[in-house]
Amino acid sequence: MSSFPRTIYLDNAATTFPKPPEVIRTMLEDYEHLGVSPGRGSYDLAVRAEELVAQARRQINDFFCGYDPDRVIFSYNATDALNTLIFGLVKRGCHVVSSRLEHNSVLRPLHYLKEQGIIDLDLIPFDSDGFVHPEDVKKVIKRETALVILTHASNVLGTIQPVQEIGLVCRELDVPFAIDISQSAGIIPIDMKAWHLDAIAFTGHKSLLGPTGIGGLVLRDGLDVRATRFGGTGVDSYSLAQTADYPQRLEAGTINILGVIGLSAGLRHISQLGLQNIYFHEMGLLTRLRDGLAAFKRLRLYCADSLSNHLPLLTLNIEGMNSADLGAILDGDFNISVRTGLHCAPLVHQDLGTSPNGGVRFSLGPFNTSEDIDAVIEAFGTILGSF
Ligand SMILES: Cc1ncc(COP(=O)(O)O)c(C=O)c1O
């Protein structure tokens, strides 16, 4: 490891790095001893591997206050989960509501369906602080609306959306409501029942502290999602039709057991640290960063005055400088890793007026320290002093 230079890693919204050592250790140990195909064979090892997967489903169901561990569906990542959900719910002629805050993982499947003439789509706006409003959702819902799908928190602005209020609107109007919790899961509590959520899509490798290649859906009991991929499930093998029961209906093929082991270890690590402690640690650092950078006149911070209902990330630009150039200077001269460009959320940047340049995003993780933040502020002092 010593051959790697020390980097100040501030791209945790893309993926958290490093992973907790216990997560890596557990992945190595459990995969070494139990890395067989779960849910298929009847020999002891396969049964134990299946129990490990079942235990992870229970853990995830508890973590998100879901309805039933069998309604926890594993996927490769949030993008995969969102595709499974969207394509499995919509029908020709239906209407979908989403927002201009979304990541391409939601926008692109919906755009494709709209271009194919399969769905009618409304994308509601966000206000100047970065929030969508329940009234705007209510206004566009109609008889044909088959799904309202929104990001829980913007991956560009960090704003946490009022999903509980929107959940209530959807429940009253009897429309399924799903949220993309890619950014929020592992930083703030998520309660499917209290928030009237019909589905959530998560990814394992961001703040849930697991590896890449694992994510999933949690579905409310009674929400029926059609299978859009077909194959072996280890059950009902006599039938040429896809298994109807959950979770196998939506899990064609061998699941990523190494990913499940890592995700489960990540969740255990979060429980040990305490979700609240993670949130306060990272938001404390964000406040330090925002306050430190606010002193530089040539910086444009895309951030509301209040950091309540906010995740620990901040997007900015130096006036007159390309975001990619700023990212290259931070990386090359200061060993600071950040994400530049459009962050796979093109409509957010369009509405901010930052397209196609995008912005420079700083996103914090559990391993960041106040020294990291001070180094960023110092770097900006140097960069802005030399231009
Ligand atoms: C809001 C949001 N949704 C979805 C995704 C996609 O996550 P994944 O690449 O793990 O599928 C991301 C990742 O950047 C995201 O920020």
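**Exercise 1. The ligand and its neighbours**

Task: Find how far an oxygen atom of the ligand is from an N or O atom in the side chain of Q183, then see which other residues belong in the picture.

Solution:
- Step 1. Start at Q183 in this predicted model. An N or O atom of its side chain sits 2.7 Å from an oxygen atom of the ligand.
- Step 2. Now try H103. One of its polar side-chain atoms is 3.3 Å from a ligand oxygen atom.
- Step 3. Move on to S182. Here a polar side-chain atom is 3.3 Å from a nitrogen atom of the ligand.
- Step 4. Zoom out a bit. There are 13 residues around the ligand, and the ones that come nearest are T79, D180, Q183, T203 and K206.

**Exercise 2. Two domains and their interface**

Task: Work out which stretches of the chain make up domain 1 and domain 2, and then describe how the two touch.

Solution:
- Step 1. Colour residues 8-19 and 274-385 for domain 1, and 21-272 for domain 2. You'll see that domain 1 is built from two stretches of the chain.
- Step 2. Take the centres over C-alpha atoms: they are 27 Å apart.
- Step 3. Look at who touches whom. On the domain 1 side 31 residues make contact, and on the domain 2 side 37 do.
- Step 4. Check the buried area. The two domains bury about 2,800 Å² between them, with 62% of it on carbon and sulfur atoms. Within domain 1, the residues losing the most area to domain 2 are K19, L275 and L311, which together account for 24% of what that side buries.
- Step 5. Go through the polar links. The interface has 21 residue pairs in polar contact, with both residues at pLDDT 80 or more.
- Step 6. Ask which elements of domain 1 do the touching. α8 (275-294), β10 (313-318) and α10 (346-352) each give at least two residues to that side. The largest share, seven residues, belongs to α10.
- Step 7. Sort the touching residues of domain 1 by type: 17 are nonpolar, ten are polar and four are charged.

**Exercise 3. Salt bridges**

Task: How many salt bridges does a search of the whole structure find, and how many lie between the two domains?

Solution:
- Step 1. The search of the whole structure turns up 15.
- Step 2. Between domain 1 and domain 2 the count is one.
- Step 3. Look at the pair R100 and D351. They form a salt bridge, and their closest N and O atoms are 2.7 Å apart.
- Step 4. Compare K142 and D120, another salt bridge, with 2.7 Å between the closest N and O atoms. K142 is in the loop between α5 (134-140) and β5 (145-151), while D120 is in strand β4 (residues 119-124). The two residues are 22 residues apart, and the pair links distant parts of the chain.

**Exercise 4. Backbone oddities**

Task: Which residues does a cis peptide bond join, with omega about -5 degrees, and what else stands out in the backbone?

Solution:
- Step 1. Recall the usual picture: most peptide bonds are trans, and most residues other than glycine have a negative phi.
- Step 2. Go to F17 and P18, joined by a cis bond with omega about -5 degrees. P18 is in the loop between β1 (8-9) and α1 (21-34).
- Step 3. Then check S355 to P356, also a cis bond, with omega near 5 degrees. P356 is in the loop between α10 and β13 (359-363).
- Step 4. Finish with D236. Its phi is positive, about 55 degrees, although D236 is not a glycine. You'll find D236 in the loop between β8 (215-219) and α7 (257-273).

Conventions. Residues numbered from 1 in each chain as written. Predicted model: local features only at pLDDT ≥ 70, side-chain atom pairs only at ≥ 80, totals over all residues. Heavy atoms only, no water. Domains from an automatic or database assignment. Contact = heavy atoms within 4.5 Å. Buried area = accessible area lost by both parts, 1.4 Å probe. Salt bridge = Lys/Arg side-chain N within 4 Å of Asp/Glu carboxyl O. Polar contact = N/O pair within 3.5 Å; in protein donor to acceptor, adjacent residues only side chain to side chain. Helix = DSSP H or I, 4+ residues; strand = E, 2+ residues; numbered from the N terminus. Nonpolar A, V, L, I, M, F, W, Y, C, P; charged D, E, K, R; others polar. Near = heavy atom within 4 Å.
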